[in-house]
Amino acid sequence: MKLKAVVIDGELRVVHQSGVQFDAELPEFRTQGGVHIHTDRLTVTSPVLMWVKALDLLLDKMKRAGLDFSRVRALSGSGQQHGSVFWRRGASETLKHLDPDQDLHQLLQDSFSVSDSPVWMDSSSTQQCEDLQAAAGGALRLAEITGSRAYERFTGNQIAKLRQTRAEEFQDTEVRASLHLHSSGMNLLDIRTRNWSEICLQATAPHLDQLLGAPLPSTSVLGPVSSYFVHRYGFSESCSVVAFTGDNPASLAGMRLQPGDVAVSLGTSDTVFLWLQQPRPALEGHVFCNPVEQQEYMALLCFKNGSLTRERVRNECAGASWELFSAALRDTPLGNHGNIGFYFETMEITPPVIGVHRFDSADCEVSSLSPQVEVRAVVEGQFLSRRLHAERLGYSIIPGTRVLATGGASSNKEILQVLSDVFNAPVYTIDLSDSTCLGSAYRALHGLVAESGASFVDVVKKAPEPRLVATPHPKAKEVRRPLYDDALLASEAEPCSRSLRQELHETCPHNHRNTFCSPAETNTSVSGDTLR
Ligand SMILES: Nc1ncnc2c1ncn2[C@@H]1O[C@H](COP(=O)(O)OP(=O)(O)O)[C@@H](O)[C@H]1O
Ligand SMILES: O=C(CO)[C@@H](O)[C@H](O)COP(=O)(O)O
């Protein structure tokens, strides 16, 4: 987990990159993977001052590297979606008078009413989610309004939890705002009107709209950069700040998604997302407002047990080395001789289940697999699940489909080969594994000209095309069927958790037990006009 920056020039070339790793460079906050997992295993937070201090360190690094801040014409950014920051009363006054001789983390040390910000991995607001769904007329109705049923990590439910469980801190809070401005991940925004939903506001906290302010289009220029950054780092007074967004929407911009593409982000979380023209919210997954086309949308699935699970298996089965992890993938065959696993080490988001289950080639649940087989089992199991859920969301893999991979693990060729084989489609990457940062830079550039009507596509047309990095093995198609069969068989095996079995079984609307329904049969393929 890092705070990262990318600077591009007018030709869209990357001219500077820097990063600050939370665990290693800010050890005083004692985080693991940038977070604290609390003893209930549901509450997951990050120290808010760690993020502020990381910004100090990042800007200092950029300055030391000789970046001429005075040439930066616009900046934008993105953050993990759903990280909630609670400012203390008086913070807006403090922000107006920042002394450029001091670090931000010193200046802002008393400016937050909650020192541990709930992050995207938090699952502790189930009660508030249930209350919100009841107030909205049910989970599906809430999904129709906000694009998602109630999710624990969404900011609205975190605000409701703070109000109910820590009334004093809530009263001491001045502006309740997510660190980023991607409002559709809050369970508060009506994704069609693009304004706050009255029902959701009322159910979350009275008069919340007055505290949140009006939601803004994502191309909005918020104003010039603060005088603190002008004096401390030498930014130009005319440098524009363009509205920030969530990391996944920024990544959609950075990869310049095209019709029929599916993006698979392998960051801390694994996410799968698509460009949508018409929202079709469902009980699973999310529909967000599109970050680059104001009238359009994006669909997203989020999987919590992604990189951290692969890391755990790497540490236990591959001597903590990605090279050995990759070698294990190279040395084991596609399909893993029928060995497969489901690794939901913490409460998963998609599907909402917990537990680790390994199955051998005879579909018997086993307590362990050999190290190499375990490595392939985790990666195949994860990608199998990503594909199953993407198809449920309406995604169909057709000739010409590209899988665009991004995020830290997309630098691993062997992992991308498994992705290509399981999706039976070619995998592409962009040169920078950090499409979120690149997308934020592209959005900053677009923000400068959006008012004059220039489209995002036009602004970024000179950007380099994604590179082909993996094509499916000729046998991928044949192997895919037993893979899916395995998944469905596994779903029937004892003592697999009931909800997991149900979850996998529901994948097939025809109630087939031991065979996988082809996408054509499922009647959920996306028509040409739903994908851009
Ligand atoms: N060579 C590699 N093989 C597989 N995974 C990797 C490799 N290098 C980094 N990663 C994974 O990438 C993850 C970080 O991805 P990143 O996109 O930087 O995350 P975030 O944006 O969430 O901070 C780490 O958790 C790590 O497990
Ligand atoms: O919760 C979600 C998406 O809804 C996550 O995707 C977070 O946005 C965290 O992203 P990474 O840190 O894994 O990129």
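Author: Ala, Val, Leu, Ile, Met, Phe, Trp, Tyr, Cys and Pro count as nonpolar, Asp, Glu, Lys and Arg as charged, and the others, Gly among them, as polar. With those classes, the shell around ligand 2 holds three nonpolar, eight polar and two charged residues. The model is a predicted one.

Reader: Which residues come nearest to ligand 2?

Author: A residue enters the shell if one of its heavy atoms lies within 4 Å of the ligand. For ligand 2 there are 13 such residues, and those that come nearest are Gln 81, His 82, Arg 153, Asp 247 and Ser 269.

Reader: What lies 2.7 Å from an oxygen atom of ligand 2?

Author: A pair of N or O atoms within 3.5 Å is read as a polar contact. Here the partner at 2.7 Å is a polar side-chain atom of Arg 153. The side chain of Asn 248 also places an N or O atom 3.1 Å from an oxygen atom of ligand 2. Thr 268 takes part through its backbone, with a polar atom 3.1 Å from a ligand oxygen.

Reader: How much of ligand 2 does the protein bury?

Author: The reference is the area of the ligand taken alone, which is 370 Å² for ligand 2; the protein buries 93% of it. Two elements, α12 (247-255) and β18 (297-303), give two or more residues each to this shell.

Reader: Which residues come nearest to ligand 1?

Author: Lys 4, Thr 268, Glu 311, Gly 408 and Asn 412 do, out of 14 residues around ligand 1. By class, this shell divides into four nonpolar, seven polar and three charged residues.

Reader: Which side chain has a polar atom 2.5 Å from an oxygen atom of ligand 1?

Author: That of Glu 311. Lys 4 has a polar side-chain atom 3.0 Å from a ligand oxygen. With Asn 412 the ligand atom is a nitrogen, 3.1 Å from an N or O atom of the side chain. Of the 580 Å² that ligand 1 exposes on its own, the protein covers 76%.

Reader: Which elements each supply at least two residues of the shell around ligand 1?

Author: They are β1 (2-8) and α13 (307-317).

Reader: How many helices and strands does the protein chain have?

Author: The chain has 21 helices and 24 strands. It runs to 532 residues, of which 58% count as buried, the cut-off being under 20% relative accessible area. Among contacts with a separation of 6 or more, 71% join residues 24 or more positions apart. The accessible surface of the chain is about 22,200 Å², and carbon and sulfur atoms account for 51% of it.

Key:
Residues are numbered from 1 along each chain as its sequence is written. Chains are lettered from A and ligands numbered from 1 in the order in which they are written. This is a predicted model: local features need pLDDT of at least 70, side-chain atom pairs count only at pLDDT 80 or more; totals for chains, interfaces and linings use all residues. Side-chain values use heavy atoms; hydrogens and water are left out. A polar contact is a pair of N or O atoms within 3.5 Å; within protein, one must be able to donate a hydrogen and the other to accept it, and residues adjacent in sequence count only if both atoms are side-chain atoms. Accessible areas come from the Shrake-Rupley method with a 1.4 Å probe; for residues, only the protein chains shown count as cover. Helices (H or I, at least four residues) and strands (E, at least two) are DSSP runs, numbered from the N terminus. Buried means under 20% relative accessible area, exposed over 50%, partly exposed in between (1.4 Å probe, protein chains only). Contact means heavy atoms within 4.5 Å.
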